[in-house]
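Hi,

Here is the structure I promised to hand over. Please have it open while you read; my notes on its aromatic rings follow below.

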Amino acid sequence: MSIDMELMRRKLATLRGDNKGDSNSVWFKPDEGDTDIRIIPTNDGDPLKEMFFHYNVGDHRGGILCPKRNFSEACPICEFASSLWREGSDNNDEESKTLAKSLFVRTRYFSPVVVRGREDEGIKVYGYGKTAYELLLGYILDPEYGDVTDTTEGTDITLTYTKPTKPGAYPQTSLKMRRNTSTLLEDTEAIPALLDGMPDFDGLFERLTPAQVDAILDEQLAGDGSAESRSRETTKYSTTEATDVDRAFNELVAG
């Protein structure tokens, strides 16, 4: 039996988030205006999932999971970016420092949610940035709201999404807790079945080994004739003692 290539394409599109507007997709992409959502409780008690990515590497538009920050493994991109930052600082090379910054690890956050009015679509994954994360964390820790994920007395959130109006601008998202608590579903007997459909957060993105990440980085640098790529062989696995630049780099990537 041959491989179903169309099925494979759909899986790849889902992995990359290309179908975020599709009702069959696991991803929630807000429409412009107001949308009410409900964060769903997770078995591990953590509905605000942190994941760490490298962008601007090869053709991985959705980013590459950082082996170091996610799995405590060696990360060639972190090592290269750190070396490049030190090189740029030592030589007062702003171009190298800019490239290094573009490769620094970035944090993204993901939560399981139900979209009000679309409960029949099941649990979706909502991805967001640091500002929304801090706001949600504040709501969760505010005793006035209690457990906002509680299936019988939790609290919905009104998400307001505004598309950018100028070239180069970013969309704006605001989150506001509803005043009244509510049950997750009107049919409370259907809640267990809904919770059974929790997306597998560990499987949302492809996990690459350090060797695979290294190969992707090498492939990109092989096509780049810049000084940064030529210096890779001498800076790739630097094990020198931590310097002030190293500490500055660690502070930059900590968020």
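The count comes to twelve aromatic pairs, and please note that this is a predicted model.

Start with Tyr 109 and Tyr 133. Their rings are stacked. The centres are 3.9 Å apart, with 10 degrees between the planes. This pair links distant parts of the chain. Tyr 109 belongs to strand β4 (residues 106-115). Tyr 133 belongs to helix α5 (residues 130-141). The two residues are 24 apart.

Are these two tyrosines buried or exposed? Tyr 109 has 4% relative accessibility, so it counts as buried. Tyr 133 is at 16%, and it is buried as well; the cut-off for buried is under 20%.

Next, Tyr 126 and Tyr 128. Why is this pair called tilted? Its planes sit at 35 degrees, and tilted pairs are those neither under 30 degrees nor over 60. The ring centres are 5.0 Å apart. Both residues are buried: Tyr 126 has a relative accessible area of 5%, and Tyr 128 has a relative accessibility of 3%.

There is also a cluster. Ring pairs join Trp 27, Phe 53, Tyr 55, Phe 110 and Phe 205.

Last, charges over rings. Which residue lies over the face of Phe 52? That is Arg 69, at 4.4 Å from the ring centre. Lys 97 places its charged end over the ring of Trp 85, 5.2 Å from the centre.

Best wishes

Note on methods. Residues are numbered from 1 along each chain as its sequence is written. This is a predicted model: local features need pLDDT of at least 70, side-chain atom pairs count only at pLDDT 80 or more; totals for chains, interfaces and linings use all residues. Side-chain values use heavy atoms; hydrogens and water are left out. Rings of Phe, Tyr and Trp (its six-membered ring) pair if their centres lie within 6.5 Å; planes under 30 degrees apart count as stacked, over 60 as edge-to-face and the rest as tilted. Helices (H or I, at least four residues) and strands (E, at least two) are DSSP runs, numbered from the N terminus. Buried means under 20% relative accessible area, exposed over 50%, partly exposed in between (1.4 Å probe, protein chains only). A charge sits over a ring if NZ of Lys or CZ of Arg is within 6 Å of the ring centre and within 35 degrees of the ring normal.
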